[in-house]
Amino acid sequence: MIGGLFIYNHKGEVLISRVYRDDIGRNAVDAFRVNVIHARQQVRSPVTNIARTSFFHVKRSNIWLAAVTKQNVNAAMVFEFLYKMCDVMAAYFGKISEENIKNNFVLIYELLDEILDFGYPQNSETGALKTFITQQGIKSQHQTKEEQSQITSQVTGQIGWRREGIKYRRNELFLDVLESVNLLMSPQGQVLSAHVSGRVVMKSYLSGMPECKFGMNDKIVIEKQGKGTADETSKSGKQSIAIDDCTFHQCVRLSKFDSERSISFIPPDGEFELMRYRTTKDIILPFRVIPLVREVGRTKLEVKVVIKSNFKPSLLAQKIEVRIPTPLNTSGVQESQISAEIELLPTNDKKKWARPPISMNFEVPFAPSGLKVRYLKVFEPKLNYSDHDVIKWVRYIGRSGIYETRC
Amino acid sequence: MTDSKYFTTTKKGEIFELKAELNSDKKEKKKEAVKKVIASMTVGKDVSALFPDVVNCMQTDNLELKKLVYLYLMNYAKSQPDMAIMAVNTFVKDCEDPNPLIRALAVRTMGCIRVDKITEYLCEPLRKCLKDEDPYVRKTAAVCVAKLHDINAQLVEDQGFLDTLKDLISDSNPMVVANAVAALSEIAESHPSSNLLDLNPQSINKLLTALNECTEWGQIFILDCLANYTPKDDREAQSICERVTPRLSHANSAVVLSAVKVLMKFMEMLSKDLDYYGTLLKKLAPPLVTLLSAEPELQYVALRNINLIVQKRPEILKHEMKVFFVKYNDPIYVKLEKLDIMIRLASQANIAQVLAELKEYATEVDVDFVRKAVRAIGRCAIKVEQSAERCVSTLLDLIQTKVNYVVQEAIVVIKDIFRKYPNKYESVIATLCENLDSLDEPEARAAMIWIVGEYAERIDNADELLESFLEGFHDESTQVQLQLLTAIVKLFLKKPTETQELVQQVLSLATQDSDNPDLRDRGYIYWRLLSTDPVAAKEVVLAEKPLISEETDLIEPTLLDELICYIGTLASVYHKPPSAFVEGGRGVVHKSLPPRTASSESTESPETAPAGAPSGEQPDVIPTQGDLLGDLLNLDLGPPVGGPPLATSSVQMGAVDLLGGGLDSLIGGPNFVAPPAAAVPPNLGTSMGSGLSDLFDLTSGVGTLSGSYVAPKAVWLPAMKAKGLEISGTFTRQVGSISMDLQLTNKALQVMTDFAIQFNRNSFGLAPAAPLQVHAPLSPNQTVEISLPLNTVGSVMKMEPLNNLQVAVKNNIDVFYFSTLYPLHILFVEDGKMDRQMFLATWKDIPNENEAQFQIRDCPLNAEAVSSRLQSSNIFTVAKRNVEGQDMLYQSLKLTNGIWVLAELRIQPGNPSFTLSLKCRAPEVSQHVYQAYETILKN
């Protein structure tokens, strides 16, 4: 298991150091600094073995988080934990920066004591943590016995992500379908690979312990339902989408999804990521980039890029950006036919020149995968509101992921 | 002012000032001071001198302050053990606090203080906390047992904490269960034989239930623990797999990888014909692909694991090539791993796409990546024959770029392409020679020299080229020197007239002016060869060499199997077993995949059981003399002629390889003397699978330590029938492994050597698990005792009688055949105890016509003794009843092929005759089971 956790600034000075296991000594702190942070070359691996001690690290802006161990730990778990640690810290004090870490070091130690015990990750849901790890240490004295046991049962319970007794005057929920389209296209316009990775983010402001059921135009579900009414199948069949794979927030009952493919859950309060998914079939590629690059002699490069949109004229794309790579030492860029919204951004890459692909950024108000939310039903049997009383909002945003055309 | 100020105090006399502040009356000031102490501790300053002052602050209502003091204590208690005792009272008191958060905090912290005296005080509070009404306290206490065990293992055992911890596996709270599992797994790792985690179908069921309810981390602990379990048969394996697959949709990648580990492991037990097997394979691909959209560090872990999975089961991801295409902004460690997997997945179907990608990568910036991409093109050529031509032309294009390291890498791989497809692409040699001057890396120079030597007859100026290298002979690396020597000798043999001077020059450089033993020895070998018999030299040096194999750098199969058991962990990232990087005994238990134990065929449909093979078809009991002889001789050693014996040795070391090939053909002469049988490479006699299952048998048997009855040795093959070789033997079963104990006596007048043994196909697939090891020649009148381990994974054919075993033994004189009957009880397995309910159900289920009744006469034992004696031979008493003065024993046993036999033994006190009723779905075995009863009870 994790033997120790260190946080360093960009110079390699330790900001936080917490040791969980006896086999990790103080010298481990220095070993990482010397061998990784101060190493001359680029990082060649996120896992480093120095003198039979393994270091896992992640970097957030210029802060290094390193987990240390001498055992054969679950490596995936260690990284997931480090990311989670970053999330938790961000939820408590915002950006992870040297300043913020120093200002909150007492809090960080308190968190580290709670979410990692003898190197074993414990409940690390911010919702639960915030009920008893507060920046006012005094609070604990005023808690009643019920409050205390409510905290402990939430931290250890089956529904560790939600506390009981939440009340809203207006029950409301927001669903954001956020997709990023990834494309790699050859200079000849052939799609080398394309996929959409999407997320359904939910903001819930619901009272009590609401039981929710989420439905979308998943091909498998539609086909299963469509068996009875052939008419509907043919109509909705076109609109359904094939999902390659999806993963869910821990509130979703996975065994139910596995057996019935229904998505049911009791949501955490506030914002969370309900699911992630990936599709590769029938993707609507919002833009097509057609590059024409000519090297005229040894000192001149001629780049012509044509961009075509591929969606209804009534929809508007925003934040469009086309990055045309040019060598660092480019001078005298001549723009001949550039329309108003597009800016030309010379690549400012530290890397040596190797003609990187032309990339695009954009945002469109639809889901390029074709995903549609069909329903989100809310049941709260104990409280006095029904599915109809809940105000629901759905929004679709398609963004560019890595949207590249080689040239 | 903010807290960051604490990090900046560097003035002198600081400790003194802090001391004063810590003893201040004002609470706020105290807390500030403790914060400063912790900040100093963090940056590595020694603040241990403040120990008593900080501990004084411990008694406080302020939880935040208390936690800070605890943090300090955990850091310095070990250096100040005597003073740490001062803290004990507070801990003990806190463990009684009405607030569960404080109780847990106290027990959590106490476990982290590694001071013996404190540990003693910890036991009572810990015992209470393990049974605390609040789950938060219990889950903390569970981990505390592991902490305590790390400090003082004996204490934990003496205090009975292990049993309490085991009870927590049945706790109602899922997080308590998860932490208990984590703690037990860790403790069990340091006691590999303790059977601490006593996993059985009931406890597995509990774990699977908790799996659905606990936190993401808890799910990981449980899945990692499940992966250590070995289901009893394929049906149990399948039902666990079914309950684990939903985890593949979890957002946490570690949960997904741990689930993949369980599935990959248990899949070993499933038959490939099963529909479910195919379904499972299909279910594994999407989540593995999804892992590639995680953060880069996790992608790296995932890719290292996918690399293993692709080697173990290539079918899972064979259609997913595209997802491994490298993205421009991937970190270099992700790029390199993706490239590796692309090569492994390359096939005729996708080679065009792969090559286009690789060509693109070869123009990238990162030198390592570009080199690997170029090398990958070469590997594709070797792997997919149809693409070789295209690969070669791609490589030539790359050479035209004149980028130095690209050219060198391309030449190294072209050399390998020549070794795979000789005499096919030598048209490119001219282009290669143009780049001779730019080669500055030893590997590339050696590769180029090898090509020149190999194709010397087609390169007009080969002598000039090689001569140019010779000028700086002593400055070259050994690799280049060796290659140069060989190449010039080849050249000489091909064009002797013009190159005599050159060869003399290189031979003298190698033998007289060098002190490198490899170089000198090789030089002398060539020299003598050339001077003794130039014709022979030509045959040796220019002999046709075996082609290099398709896949290089595959992980060795046993290591691969072991690594599959470690999916998700560091071992899978390093591609090394834990023992290679973990100190001490911790976590280095060797793991292996479970063998396939099918239950369905034998218990469900007796007609397909091996014993049920149509008895009319009783063909060539012993195959014709010639066949078997041939088979036996195949056991013999020596590299298979024409095969690629050394092809797996590193591709780069062309020189060594060449020599190896030459030596082989040298030895292959008529005077070839077979080395003694003891030198038979162990993997010739046993398949990899059987080796693994042996290991498994051993581990599963540990703890039960049963030793079945062993009959005295009987003469199986009299000396007069076997030209003086007398064989007697018997069968034993001990700790789950079967062996044939043999006694070989040489009653002839000549020495016997080269022993080998083979079994004919038989009813239960008995086969030798290792070659017959007779370590020295057997001289006249000498006797050796050998224990030959057996397994039951050999081919199956019904014999008459059922337990007949036909054996062939070979020695330097002849091949001999004999047959013997083995007692059935050597096939009774250790886990043959049936659950009571199951027994009842099965008894009813088996039709009455399958019941057979026997009388066991003259047995003076009572029911107790009978039961215990049978148990040591793996016949288990499931229940005992007394009906009208008679003792009824209900017993079960299981054969190695999964057949269950149920028995009812009626014993009347005072009457030496017992009645035995046997029920089995394969009634043919009943007679032999009865005989086994007789043998066991009467001896």
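**Exercise 1. In which helix of chain B is Glu464(B) found?**

Solution. The model is a predicted one, in which local features need pLDDT of at least 70 and side-chain atom pairs count only at pLDDT 80 or more, while totals for chains, interfaces and linings use all residues. Residues are numbered from 1 along each chain as its sequence is written, chains are lettered from A and ligands numbered from 1 in the order in which they are written, and side-chain values use heavy atoms, with hydrogens and water left out.

Step 1: Glu464(B) is found in helix α26 (residues 462–470) of chain B, where helices are DSSP runs of H or I with at least four residues, strands are runs of E with at least two, and both are numbered from the N terminus.

Step 2: Glu464(B) has a relative accessible area of 54% and is therefore exposed, given that exposed means over 50%, buried under 20% and partly exposed in between, with a 1.4 Å probe and protein chains only.

Step 3: Together with Glu467(B), Glu471(B) and Glu501(B), Glu464(B) gathers in a patch of negative charge on the surface. Patches are made of residues with over 30% relative accessible area and no salt bridge, like charges being joined within 9 Å and nonpolar side chains (Val, Leu, Ile, Met, Phe, Trp, Tyr) within 5 Å.

**Exercise 2. Identify the residues of the positive surface patch that includes Arg374(A), and place Arg374(A) in its strand.**

Solution. Step 1: Lys213(A), Lys256(A), Arg374(A) and Lys377(A) form this patch, Lys and Arg counting as positive and Asp and Glu as negative, while His and the chain ends are not counted.

Step 2: Arg374(A) is found in strand β18 (residues 373–379) of chain A, and its relative accessibility of 37% makes it partly exposed.

**Exercise 3. Check the span of helix α18 of chain B, and decide how far it is enclosed.**

Solution. Step 1: the 17 residues of helix α18 (residues 296–312) of chain B should span 24 Å at 1.5 Å a residue, the expected span being 1.5 Å times one less than the number of residues.

Step 2: the end C-alpha atoms of this helix are 24 Å apart, in agreement with that expectation.

Step 3: because 15 of the 17 residues of α18(B) are buried, the helix is largely enclosed by the rest of the structure.

**Exercise 4. Describe what the salt bridges of Glu216(B), Arg127(B) and Lys359(B) connect.**

Solution. Step 1: a search of the whole structure finds 65 salt bridges over all chains, each being a side-chain nitrogen of Lys or Arg within 4 Å of a carboxyl oxygen of Asp or Glu.

Step 2: Glu216(B) forms a salt bridge with Lys84(A), with closest N and O atoms 3.3 Å apart. Since Glu216(B) lies in helix α14 (residues 216–226) of chain B and Lys84(A) in helix α2 (residues 75–93) of chain A, the pair joins two chains. Glu216(B) is buried at 8% relative accessible area, and Lys84(A) is buried at 17%.

Step 3: Arg127(B) forms a salt bridge with Glu124(B), again with closest N and O atoms 3.3 Å apart; being three residues apart in helix α8 (residues 116–130) of chain B, they are separated by about one helical turn.

Step 4: Lys359(B) forms a salt bridge with Asp397(B), the closest N and O atoms lying 3.4 Å apart. Lys359(B) belongs to helix α20 (residues 351–361) and Asp397(B) to helix α22 (residues 388–400), both of chain B, so the pair ties together parts that are 38 residues apart in sequence.

Terms used:
Areas by Shrake-Rupley, 256 points an atom, 1.4 Å probe, with all protein chains shown as cover. Charge placed at Lys NZ, Arg CZ, Asp CG, Glu CD.
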